[in-house]
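Thanks for coming. I have one structure to go through today, and I will keep to what can be read off the coordinates. Please have a look at it on the screen.

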Amino acid sequence: MTSPDAGPLGLLGGTFDPIHLGHLRLAEEARDALGLARVRFVPAGEPPHRTTPRCAAGHRLEMVRRAVAGNPAFEVDDGEVRARGKSYTVLTLERVRAEIGPDRPLVLLLGADAFQGLPGWHRWTELFDLAHIAVANRPGTEPHGRRWPGVLDPVLERACQARIRTDAASLAGTAAGCVVPFDMTPLAISASLIRDLVACQHSARYLIPDSVLDYIGSNDLYR
Ligand code: ATP
């Protein structure tokens, strides 16, 4: 059996404002479907592609810590929160690649919406040299989630065409460079939905872990 420190490492970046069950199922189903040894959650300190998060980075990091506690295959990376400046994924991948060495497979996990925005990311074409990219379907982004790459932005489609693989085994055999679509249980949960529910004093229970719900309540977040 492969040691958890040698098998493919998944990386799930996000604003996690707050983390919800869509994120956790994405990580869990990717781990299962793609044979990942571990999944590392990387909360963004200063997300470059969106407005300022509602919650401070320290709160978002703490909510991620609470959400993944108890799953031995999940871990948290606070590098983007501690770093100054914008949280560019390419910088995180360079850092993690330097940490794990050139041979261990590294898999960047993205929802279909995030994947479609890839051509807007800083130094995006270099991401393929550093990691594989696994793309999960996400409700609201159909038909792209299931039918891509036929309907992708042509620039992204050109960059991905020769990289697409449909078997998880190709991830384990190389360190980086493949693009792998995978199906996850469709969950129409978003952090915006959670923020809206909390703001309107409606229940967000069963959409986020209880430990995160308790943290939101005790710190009076999103009111
Ligand atoms: P917001 O509603 O504030 O835009 P979000 O729910 O999209 O937030 P992010 O932290 O921006 O959460 O997402 C991090 C990553 O998780 C992205 O790659 C995103 O596509 C993916 N993701 C988030 N929610 C889901 C979901 N329900 N199903 C599949 N992927 C998801």
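I will begin with P18, which sits in the loop between β1 and α1. Keep in mind throughout that this is a predicted model. The peptide bond leading from D17 into P18 is cis, and its omega is near 5°. For background, most peptide bonds are trans.

While we are on backbone geometry, there are two residues to look at for their phi angles. As a general matter, most residues other than glycine have a negative phi. R123 is not a glycine, yet its phi is positive, at about 50°. You will find R123 in the loop between α5 and α6, the latter being residues 127–130. Is R123 buried, partly exposed or exposed? R123 has a relative accessibility of 29%, so it counts as partly exposed.

The other one is Y206, again not a glycine, with a positive phi of about 75°. Y206 belongs to the loop that runs between α10 and α11, where α11 covers residues 210–218. The relative accessible area of Y206 is 62%, and the cut-off for exposed is over 50%, so Y206 is exposed.

Now the ligand. Which pocket does the ligand take up? The space the ligand fills is the largest pocket. The ligand has 22 residues around it, and the closest are R50, D113, L187, A191 and S192. By type, that shell divides into eight nonpolar residues, 10 polar ones and four charged ones.

Where does the shell come from in the chain? Five elements each supply at least two of its residues: strands β1 (9–14) and β4 (106–111), and helices α1 (21–34), α5 (112–116) and α10 (191–199).

Let me go through some polar contacts to the ligand. At D113, an N or O atom of the side chain is 2.5 Å from an oxygen atom of the ligand. At H23, a polar side-chain atom lies 3.0 Å from a ligand oxygen. At T15 the protein partner is a polar backbone atom, and the distance to an oxygen atom of the ligand is 3.0 Å. As for cover, the ligand taken alone exposes 610 Å², and the protein buries 91% of that.

Next, two side chains that reach a backbone atom elsewhere in the protein. N137 is in the loop between β5 (132–136) and α7 (144–147). Although N137 is in a loop, its relative accessible area is 6%, and since buried means under 20%, N137 is buried. What does the side chain of N137 reach? The side chain of N137 comes to 2.6 Å from the backbone nitrogen of M184.

R38 is in strand β2, residues 38–43. The relative accessibility of R38 is 18%, which is under the 20% limit, so this arginine counts as buried. The side chain of R38 reaches the backbone oxygen of P72 at 3.1 Å.

Finally, some distances, all C-alpha to C-alpha, to set separation along the chain against separation in space. L93 is in helix α4, and with a relative accessibility of 0% it counts as buried. L93 and L127 are 34 residues apart along the chain, and their C-alpha atoms are separated by 7.5 Å.

R84 is in the loop between α3 (79–82) and α4 (89–100). R84 counts as exposed, because its relative accessibility is 84%. From R84 to E46 is 38 residues in sequence and 8.4 Å in space.

P181 is in strand β6, residues 179–182, and at 25% relative accessibility it counts as partly exposed. How far apart are P181 and L193 in space? They are 12 residues apart in sequence and 25 Å apart in space.

The last pair is Q116 and E62. Q116 is in helix α5 and is partly exposed, with a relative accessible area of 25%. Q116 and E62 are 54 residues apart along the chain, with 29 Å between their C-alpha atoms.

To recap: the bond from D17 to P18 is cis, the ligand fills the largest pocket, and the side chain of N137 reaches the backbone nitrogen of M184. That is all I have.

Notes:
Residues numbered from 1 in each chain as written. Predicted model: local features only at pLDDT ≥ 70, side-chain atom pairs only at ≥ 80, totals over all residues. Heavy atoms only, no water. Helix = DSSP H or I, 4+ residues; strand = E, 2+ residues; numbered from the N terminus. Buried < 20%, exposed > 50% of the residue type's maximum accessible area, 1.4 Å probe, protein only. Polar contact = N/O pair within 3.5 Å; in protein donor to acceptor, adjacent residues only side chain to side chain. Near = heavy atom within 4 Å. Areas by Shrake-Rupley, 256 points an atom, 1.4 Å probe, with all protein chains shown as cover. 1 Å grid on protein atoms, 1.4 Å probe; cavity = no way out; pocket = protein on both sides within 12 Å on 5 of 7 lines; lining within 4 Å. Sits in = over half its atoms within 2 Å of the grid points. Nonpolar A, V, L, I, M, F, W, Y, C, P; charged D, E, K, R; others polar.
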